[in-house]
Amino acid sequence: MTGVRTKVNRVLLTLAGLLLVVAGGATLAVGLGVKPPSWWIYDDRHEVLLTEANRTRWRDEGWWWPVVIAVLAVLLLLALWWLSAELRRHRLAALAVDTGDGDGAEVRGRAVEDALGDEAERLPGVDRARVLLRGRRDSPEVKAGLRLEPNAGPRETLEHLVGQGLRNARGSLGRDELPAEVVLKAARHKAGRARHSSDCARGHHGR
């Protein structure tokens, strides 16, 4: 389903982009004095795209405003549906677990995220952790954001996470590999009146 949605998104974005490029380029060309073809929407650089007569043509018709409102409502619902689908795509709702008996099981993605986040926050030097599961249910990927305490070492924290948190997660899920992207961010703190800007370190781990 994710692959189909990705293809549909690409097709729609490509078509919308081509339409905007063609319409914008043609309008710009006519505005610069290029003679448009006979079937184009307007004939002269000084002609407006929508005349007052065209704008007010259907105002007095009883069906006009209900149709306009209905079309806009449908477009709004479609846009909200697309946005909701895009947001859901970035978060794994459930993932498959190898139980060793050949049948397998399924566990909620949010439960795994919470467990990983709680374990990460217990690591030395971690002030706060936020974990997301992405990818597919049979090949999940971890994206973790850790906010470090002022005196924590990014390298040591990353090694603790890889050697402890991700290792435990792989064992619990019955996986040999669990790709992960970890973003380390230093917590802001004040020293006297000076505020130090946050330092960021990004680590990638593939097992």
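In this predicted model, helix 4 and helix 5 pack with their axes 10 Å apart and at an angle of about 155 degrees. Because the angle exceeds the cut-off of 145 degrees, helix 4 is roughly antiparallel to helix 5. The crossing of the two helices, helix 4 and helix 5, is right-handed.

The contact itself can be followed residue by residue. From helix 4, the residues Val112, Leu116, Glu119 and Ala120 take part, and they meet Leu161, Gln164, Gly165, Asn168, Ala169 and Leu173 of helix 5. By character, the residues of this contact between helix 4 and helix 5 comprise six nonpolar, three polar and one charged.

Around this helix pair, the wider chain may be considered. Its secondary structure amounts to five helices and eight strands, and along the sequence these elements follow the pattern α-α-α-β-β-α-β-β-α-β-β-β-β. The chain has 207 residues, of which 24% are buried. Of the contacts between residues at least 6 apart in sequence, 47% join residues at least 24 apart.

The interior comes next. In soluble globular proteins, nonpolar side chains tend to be buried together. In this model, the largest nonpolar core has 25 residues, and Val142, Leu146 and Leu161 are those with the most contacts inside it. Two or more residues of this core come from each of strand 1 (94-97), helix 4 (109-121), strand 3 (126-136), strand 4 (139-148), helix 5 (154-173) and strand 5 (180-186). Helix 5 gives the most to the core, with five residues.

Leu161 links the two themes, since it belongs to the residues with the most contacts inside the core and also to the helix 5 side of the contact with helix 4. Leaving aside its neighbours within four places in sequence, Leu161 is in contact with Ala120, Leu123, Leu146, Leu166 and Val182. Among these partners, Ala120 is a helix 4 residue of the helix contact, and Leu146 is another of the residues with the most contacts inside the core.

Helix 5 also contains Thr157. Is Thr157 buried or exposed? With a relative accessible area of 1%, Thr157 falls under the 20% limit and is therefore buried. Beyond its neighbours within four places in sequence, Thr157 is in contact with Pro124, Val126, Leu146, Leu148 and Ala152. Leu146 thus appears among the contacts of Thr157 as well as among those of Leu161.

A further position lies in strand 1, where Ala96 is placed. Ala96 has a relative accessible area of 19%, and it counts as buried because the limit is 20%. Not counting residues up to four places away in sequence, Ala96 touches Ala105, Arg137 and Arg175. Ala96 and Ser139 are 43 residues apart along the chain, yet their C-alpha atoms are separated by 8.4 Å.

Note on methods:
Residues numbered from 1 in each chain as written. Predicted model: local features only at pLDDT ≥ 70, side-chain atom pairs only at ≥ 80, totals over all residues. Heavy atoms only, no water. Core = buried A, V, L, I, M, F, W, Y, C linked by side-chain atoms within 4.5 Å. Buried < 20%, exposed > 50% of the residue type's maximum accessible area, 1.4 Å probe, protein only. Helix = DSSP H or I, 4+ residues; strand = E, 2+ residues; numbered from the N terminus. Contact = heavy atoms within 4.5 Å. Axes fitted to C-alpha atoms, helices over the stretch in contact; angles between N-to-C directions. Parallel < 35°, antiparallel > 145°, perpendicular 65-115°, else oblique. Left-handed = near helix turned anticlockwise from the far one by under 90°. Nonpolar A, V, L, I, M, F, W, Y, C, P; charged D, E, K, R; others polar.
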